[in-house]
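Here's a structure to get acquainted with. Take a look, then follow the questions below.

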Amino acid sequence: MTTTMRAIEITKPGGPEVLQETTRPMPVADHGQVVLKVAYAGVNRPDALQRAGMYAPPPTASDLPGLEASGEVVSVGDGVSGLAVGDKVCALLPGGGYAEYVATPAAHCLPVPAGLSSKEAACLPETFFTVWSNVFTRGGLKAGERFLIHGGSSGIGTTAIQLAHAFGARVFVTAGSDEKCAACVALGAERAINYRDEDFAAVMKAEGGANLILDMVGGDYIPRNVATLAEDGRLVQIAFLQGPKVELNFALMMMKRLTITGSTLRPQSDLAKARIAQDLADAVWPLIEAGKVKPVMDETFDFADAAKAHARMESSAHIGKIVLSVAGG
C-alpha cells in the first residue's frame with residue numbers, strides 16, 4: 001500500500017492562487033479514529049479564512065484545509081466500534097479534507113443517507129452540524145416561531161431553511177439577488193428579502209419581529225438584528241463577514257429580554273461534536289432519507305482546481321454547496 005498521497009496545501013497566506021497540489025504522508029488512525037479514502041470534499045468559508053491566514057487550525061489538526069468529506073473507511077483505529085473497513089460515510093473533519101485520505105474521529109462519521117450520492121453527502125457535515133447546534137440547540141427554535149436567516153442562499157442558509165421549515169418554523173431570509181431569493185422560497189422560506197432593495201428590519205417588524213435570527217454577517221447588522229428581534233428573541237452569531245466589532249446599545253437587550261449567543265464549530269471538543277452527530281442521526285438523517293431535506297448543490301470542481309473552487313465561493317455568486325471531486329464515485 002502506498003505511503004504517500006496527493007493533497008492541496010496552503011503555501012502561504014493569500015488568495016486562491018496559494019492553494020497548490022503537493023504530496024503528503026498517508027494519515028494513520030489514532031485511538032478512536034478512522035481513515036477515509038476521500039471521494040468528495042466540501043468547500044466552506046472557514047477554508048478560505050484559513051487560506052488567508054485568518055483562521056488557524058487547532059494545534060492537533062492537519063494544516064491542510066477541508067472540514068468535511070465523504071468517502072470509504074479504509075482503516076480503523078483501536079477503540080472504534082460501529083464502523084468497519086468498506087463502510088461509506090460522510091464525516092466532520094478537524095482539517096485535512098483536501099487530500100486523498102484523511103483521519104477523523106469515528107464518532108464524527110455518519111452513514112451516507114439512503115438515496116444520496118457521495119457528492120451530496122460530502123455537503124452535509126459542516127453545514128448540518130453548524131445549523132443543528134446553533135439553530136436548534138443554542139437558538140432553541142420551536143414550531144411556529146419567526147426565524148430570520150441572513151445569507152439564505154449559502155450552504156448554511158439553504159440547510160437552515162429546510163430544517164427550520166421541516167420542524168414547523170416560519171422562515172424568513174435575506175439574500176442579495178432576486179434569483180437567490182427565489183431559490184430560498186423554493187426551499188421553504190415564507191419570505192425572501194432582497195437586502196439591496198428592502199430593509200429586513202422593517203419587513204420583520206411588520207411581522208411582529210423575529211423570535212430567532214441566525215447571522216453570519218456581523219458588522220452593522222448586529223444592532224439592526226437587536227432592533228429586529230421580538231421580546232424574548234434570540235440572536236445566534238456564527239460568523240462576521242463584515243467584522244466583529246460594533247457599537248451596541250445593550251439597554252434594548254435588557255428591555256426586550258434578549259439572548260445573544262454564538263459559536264464556532266471547529267474548536268469544540270470531540271465529545272461535543274460526537275453529541276451533535278448523534279442528534280443528527282436521530283433527528284435529521286430520517287428527514288434526509290425521506291426526501292424532506294436535501295443538500296443544495298452549486299458546482300463541482302476537480303481536485304486540482306481547488307483555487308477555482310475558492311474563487312467561486314468568494315464571488316458569492318453560488319447558491320448552496322461547492323465540492324471538490326477527489327476520487328469521485
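Two strands pair if DSSP finds at least two bridges between them, and helices (H or I, at least four residues) and strands (E, at least two) are DSSP runs numbered from the N terminus. This is a predicted model, where local features need pLDDT of at least 70, side-chain atom pairs count only at pLDDT 80 or more, and totals for chains, interfaces and linings use all residues. Residues are numbered from 1 along each chain as its sequence is written, and side-chain values use heavy atoms, leaving out hydrogens and water.

Q: Which residue stands opposite aspartate 302?
A: Strand E14 covers residues 297–302 and pairs in the parallel sense with strand E15, residues 321–325, over five bridges. Across from aspartate 302, in E15, you'll find serine 325.

Q: Is methionine 255 buried or exposed?
A: Methionine 255 sits in helix H8, residues 250–256. Buried means under 20% relative accessible area, exposed over 50%, and partly exposed in between (1.4 Å probe, protein chains only). Because its relative accessibility is 58%, methionine 255 counts as exposed.

Q: How far apart in space are methionine 255 and glycine 139, C-alpha to C-alpha?
A: Along the sequence, methionine 255 and glycine 139 are 116 residues apart. In space, C-alpha to C-alpha, the two are apart by 19 Å.

Q: Which helix joins E14 and E15 in a β-α-β unit?
A: The unit is right-handed: with the strands pointing away from the viewer, the path from the first strand over the helix to the second runs clockwise. Together with E14 and E15, the unit is made by helix H11, residues 306–314.
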